[in-house]
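Please open the structure in your viewer and keep the sequence beside it. The tour below moves from one selection to the next and says what is found at each stop.

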Amino acid sequence: MGTDAITDEDLMLRIGDGDQTAYGMLVDRHLSQNLGYATKVLGNVSEAEEVMQEAFIRVWKHASRWDPARKTRFTTWFYRVVTNLCYDVGRKRKPQDNVEMLETVASDDMSAENVIAVNQRSEQVQDALDALPQRQKMAIILCYFEGLSNREASDVMEVSLNALESYLVRARRNLADILKDDKANLLKEIG
Amino acid sequence: MNDSKLNELLNEYQKTHSPEPSRALIDKIMRVPHEIEQTSGFSWKLSDWIVFLVPRLSGLTAALVMGIYMGGAGSSALAEDEIAEIDQGNIIVADLGSALSENSDALLDVEELIFVEE
C-alpha cells in the first residue's frame, strides 16, 4: 500500500500513538501549501514560518485527542488552526510595526525591470488584500489561491455557503475597485 | 478593472507569494516530536469535563425519573385496585339498570294515569 493511500486522518491517529514517521508524512503533505496560505494572510514570510511551527506543535501535542467519530477532515481542521494563529499574530502586531515584505521569486530570464514591475504589482495586490475586511480576504485566499471548493472554504471559515459566496463576490468587486484606483493614482503621479 | 485583468494580477501575486519552506523551518518542525511531549488523552480542562459529563448525567437523570414514574410497583398495584373498584361499580349500576327496566312499565302506567286525570 502506497503512502498516498493513507489518509491524513489515519496519520493523525498514528501520531496520537506517538508515531514520528506519520508526523513526518503529514508535515511533508501540508507544510508547503499552508506556509503559502499563512504568507498571503500575513503578507510576511517570517511570521508565516512562526505560525507554521506553532501549528505543527499543536498537531503533535493534540493528536492523541483526535476523534475520528467527529468526521472532521484534517485539512479543514488544520486550515482553521493556521487561520486562528494568523489572527493572533495580526492582533499582536503594533500599528507601527513594519512587516518585512516578501522578496519576489524571480526566474532567471526576468530582467531587473521586470522583477521591479512584478514586485510593485504584487505589493499593490497585497495592499489591496490587506485593505479588505478580514472575512472577504480569507474567502478570496482560500478559494482563489488555495483552490478550496466553496463548501470547504465555508467549513474552514465556519460560515454558511451563501455567506461565503457573498464574501467572494464582494471581495472581487472591492479588489477591482482598489486596484483600479491604485493604477489611476500611479498614472497621475507619472503624468 | 475587468475580470481577466484582475485574474492576471492575482495569478502573478500567487506566484510571488508562495514561498518554499526553508531547510531551517523544516528542521525546526521535524524536531518537534523530540522536544515536545504529547498531551495525554486525559484532560484537566473544566470545559472538557463539562462537555463529557453533562449529556451523560442528563441521560442518567432522565432514565431514573422515567423509571420511578413508570416502574414503581406500588402505583401499578393501586391502579389495579382502582380498576377492580370501577368494575364493581359498573356491576352495581348494571344491576340497578335491570331493576329499573323491570319496573319501567309500571312507572309509565302511573305517568299515563296522571296525564289522563289532568
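## A tour of the two chains

Begin by selecting chain B, which has four helices and zero strands, so that its elements, read along the sequence, follow the pattern α-α-α-α. Bear in mind throughout that this is a predicted model. Of the 118 residues in chain B, 13% are buried, and the chain exposes about 9,500 Å², with carbon and sulfur atoms supplying 64% of that area.

While chain B is still selected, show the side chains of B:Phe52 and B:Arg56. The charged end of B:Arg56 sits over the ring of B:Phe52, at 4.1 Å from the centre of that ring.

**Chain A as a whole**

Now select chain A, where there are eight helices and zero strands, running α-α-α-α-α-α-α-α from the N terminus on. Buried residues account for 41% of its 191 residues, and of the roughly 10,300 Å² that chain A exposes, carbon and sulfur atoms supply 47%. If you display the contacts in chain A between residues at least 6 apart in sequence, 64% of them join residues at least 24 apart.

**Where the chains meet**

Show both chains together and select the residues at their contact, to which chain A gives 43 residues and chain B gives 34 residues. The size of an interface is often given as the accessible area lost when the parts come together. Between chain A and chain B the buried area is about 3,600 Å², and carbon and sulfur atoms give 64% of it. On the side of chain A, pick out A:Trp60, A:Arg65 and A:Arg172, which supply 16% of the area that chain A buries against chain B, more than any other three residues.

**The aromatic rings**

Next, colour the aromatic side chains, for a search of the whole structure finds eleven aromatic pairs over all chains. One of them is formed by A:Tyr23 and A:Phe56, whose rings are edge-to-face, 6.4 Å centre to centre and with 85 degrees between the planes. This pair links distant parts of the chain, since A:Tyr23 belongs to helix α2 (residues 20–42) of chain A and A:Phe56 to helix α3 (residues 45–62) of chain A, 33 residues apart. Are these two rings buried or exposed? A:Tyr23 has a relative accessible area of 1% and is therefore buried, and A:Phe56, at 0% relative accessibility, counts as buried too.

Another pair to select is A:Phe74 and A:Phe78, which are stacked, 5.3 Å centre to centre and with 15 degrees between the planes. Both lie in helix α4 (residues 74–92) of chain A, four residues apart, which is about one turn of the helix, and both A:Phe74 and A:Phe78 are buried. To see how the two pairs belong together, add A:Trp60, A:Trp66 and A:Trp77 to the selection, as ring pairs link A:Tyr23, A:Phe56, A:Trp60, A:Trp66, A:Phe74, A:Trp77 and A:Phe78 into a cluster.

**Helix α6 of chain A**

Move on to helix α6 (residues 134–145) of chain A, whose twelve residues should span 16 Å at 1.5 Å a residue, and whose end C-alpha atoms are indeed 16 Å apart. Nine of the twelve residues of α6(A) are buried, so the helix is largely enclosed by the rest of the structure; among the buried ones are A:Gln136, A:Lys137, A:Met138 and A:Phe145.

Within α6 of chain A, select A:Ala139, which counts as buried because its relative accessibility is 0%. Leaving aside its neighbours within four places in sequence, which residues is A:Ala139 in contact with? They are A:Tyr144, A:Met157, A:Leu164, A:Tyr167 and A:Leu168. Of these, A:Leu164 is 25 residues from A:Ala139 in sequence and 6.6 Å away in space, C-alpha to C-alpha.

**Positive phi angles**

Finish with the backbone. Just after α6(A), A:Gly147 takes a positive phi of about 70 degrees. A:Lys71, in the loop between α3 and α4 of chain A, has a positive phi of about 60 degrees although it is not a glycine, and at 72% relative accessibility it counts as exposed. A:Glu158, in the loop between α7 (150–157) and α8 (161–190) of chain A, is likewise not a glycine and has a positive phi of about 55 degrees; with 59% relative accessibility, A:Glu158 counts as exposed.

Conventions: Residues numbered from 1 in each chain as written. Chains lettered and ligands numbered in written order. Predicted model: local features only at pLDDT ≥ 70, side-chain atom pairs only at ≥ 80, totals over all residues. Heavy atoms only, no water. Helix = DSSP H or I, 4+ residues; strand = E, 2+ residues; numbered from the N terminus. Expected span 1.5 Å × (residues − 1). Buried < 20%, exposed > 50% of the residue type's maximum accessible area, 1.4 Å probe, protein only. Areas by Shrake-Rupley, 256 points an atom, 1.4 Å probe, with all protein chains shown as cover. Phe/Tyr/Trp six-rings, centres within 6.5 Å; stacked < 30°, edge-to-face > 60°. Lys NZ or Arg CZ within 6 Å of the ring centre and 35° of its normal. Contact = heavy atoms within 4.5 Å. Buried area = accessible area lost by both parts, 1.4 Å probe.
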